[in-house]
Amino acid sequence: MPTAFPVVILDQEHVLYECKAAQETRAQIESQRLAFQTEIDKHEKELRQEEEILKQLEASLSEKEFLKRRNAFDHRVADIHKKVALRRSQLERAFNKAREEIMNKINEIVARLSNEKKYALVMQKGAVIYSRKPLDITQDVLRELDNLLPTVIVESGNEIRTMTEENLK
């Protein structure tokens, strides 16, 4: 005679995408990304103006002076590119850190539910071809996650810094 083997299904990606904390995290990251994009746009405008001035001065400057100014301009462009890459990396790290915090909480909830309800196995929905609805605990996990972790604060200290003239020099 077969023994009871309680198996349940979880759509972890659905929980991760739909939970309040993830939605708030995406909003925080998007807000920071837009602020960053505004700064980038400002620097790009300044660089275009500086390059236009440099082109106008080319005929009136000695070759040595022009190369000196051109090299300084190129150095400034390279510095800004480095800062942009650093900022994107910081945003990505901050997002991943928030996502990891949410995933840890999901795993805690699943472990607790498994112990309480004596689930023998929790399977990822993507690995299941067919299941009955009562076996799916996705909404239970989502509800509990929203209650326990309604928001995750995206680190803004050292993880996320805005670009300023000061840290571009």
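Of the 169 residues in this chain, 32% count as buried. What you have in front of you is a predicted model, so please keep that in mind throughout. The chain exposes about 11400 Å², and carbon and sulfur atoms supply 54% of that area.

On to the layout. The chain holds 5 helices and 2 strands. Read from the N terminus, the order of elements is β-α-α-α-β-α-α. If you take the contacts between residues at least 6 apart in sequence, 87% of them join residues at least 24 apart.

Next, the two helices α2 and α3. α2 covers 20-57, and α3 covers 63-117. How are they arranged relative to each other? They pack at an angle of about 175 degrees, with their axes 11 Å apart. An angle over 145 degrees counts as roughly antiparallel, and α2 and α3 are therefore roughly antiparallel to each other. The residues in the contact of α2 with α3 divide into 18 nonpolar, 3 polar and 10 charged.

Now the interior. The largest nonpolar core has 21 residues, and those with the most contacts inside it are L10, V15, C19, I102, I106, V141 and L145. Which elements give two or more residues to this core? They are β1 (7-10), α1 (12-18), α2, α3 and α4 (138-148). The largest share, 7 residues, comes from α3. There is also a second, separate core of 10 residues, and L61, F73, V77 and I80 are among them.

I102 is a good residue to click on. Leaving out residues up to four places away in sequence, I102 touches L16, C19, A21, A22, T25, L145, L149 and V152.

One of those partners, L145, takes us to α4. The buried residues of α4 are T138, V141, L142, E144, L145 and D146. As general background, an α-helix has 3.6 residues a turn, so residues three or four places apart point the same way. What covers the buried residues of α4? The cover includes β1, α1, α2 and α3.

I have three single residues left. Y17 lies in helix α1. Beyond residues up to four places away in sequence, Y17 touches A22, Q23 and R26. Y17 and R99 are 82 residues apart in sequence, and their C-alpha atoms are 9.8 Å apart in space.

The second is L135, in the loop between β2 and α4. Is L135 buried, partly exposed or exposed? Buried means under 20% relative accessible area and exposed means over 50%. L135 has 27% relative accessibility, so L135 counts as partly exposed. Again setting aside residues up to four places away in sequence, L135 touches V7, V8 and I9. L135 and I9 are 126 residues apart in sequence, yet 5.8 Å apart in space from C-alpha to C-alpha.

The last is K118, which sits in the loop between α3 and β2 (121-124). Phi of K118 is near 60 degrees, a positive value in a residue other than glycine. K118 has 60% relative accessibility, so K118 counts as exposed.

To recap, α2 and α3 are roughly antiparallel, α3 gives 7 residues to the largest nonpolar core, and β1, α1, α2 and α3 are among the elements covering the buried residues of α4.

Note on methods. Residues numbered from 1 in each chain as written. Predicted model: local features only at pLDDT ≥ 70, side-chain atom pairs only at ≥ 80, totals over all residues. Heavy atoms only, no water. Helix = DSSP H or I, 4+ residues; strand = E, 2+ residues; numbered from the N terminus. Buried < 20%, exposed > 50% of the residue type's maximum accessible area, 1.4 Å probe, protein only. Core = buried A, V, L, I, M, F, W, Y, C linked by side-chain atoms within 4.5 Å. Contact = heavy atoms within 4.5 Å. Areas by Shrake-Rupley, 256 points an atom, 1.4 Å probe, with all protein chains shown as cover. Axes fitted to C-alpha atoms, helices over the stretch in contact; angles between N-to-C directions. Parallel < 35°, antiparallel > 145°, perpendicular 65-115°, else oblique. Nonpolar A, V, L, I, M, F, W, Y, C, P; charged D, E, K, R; others polar.
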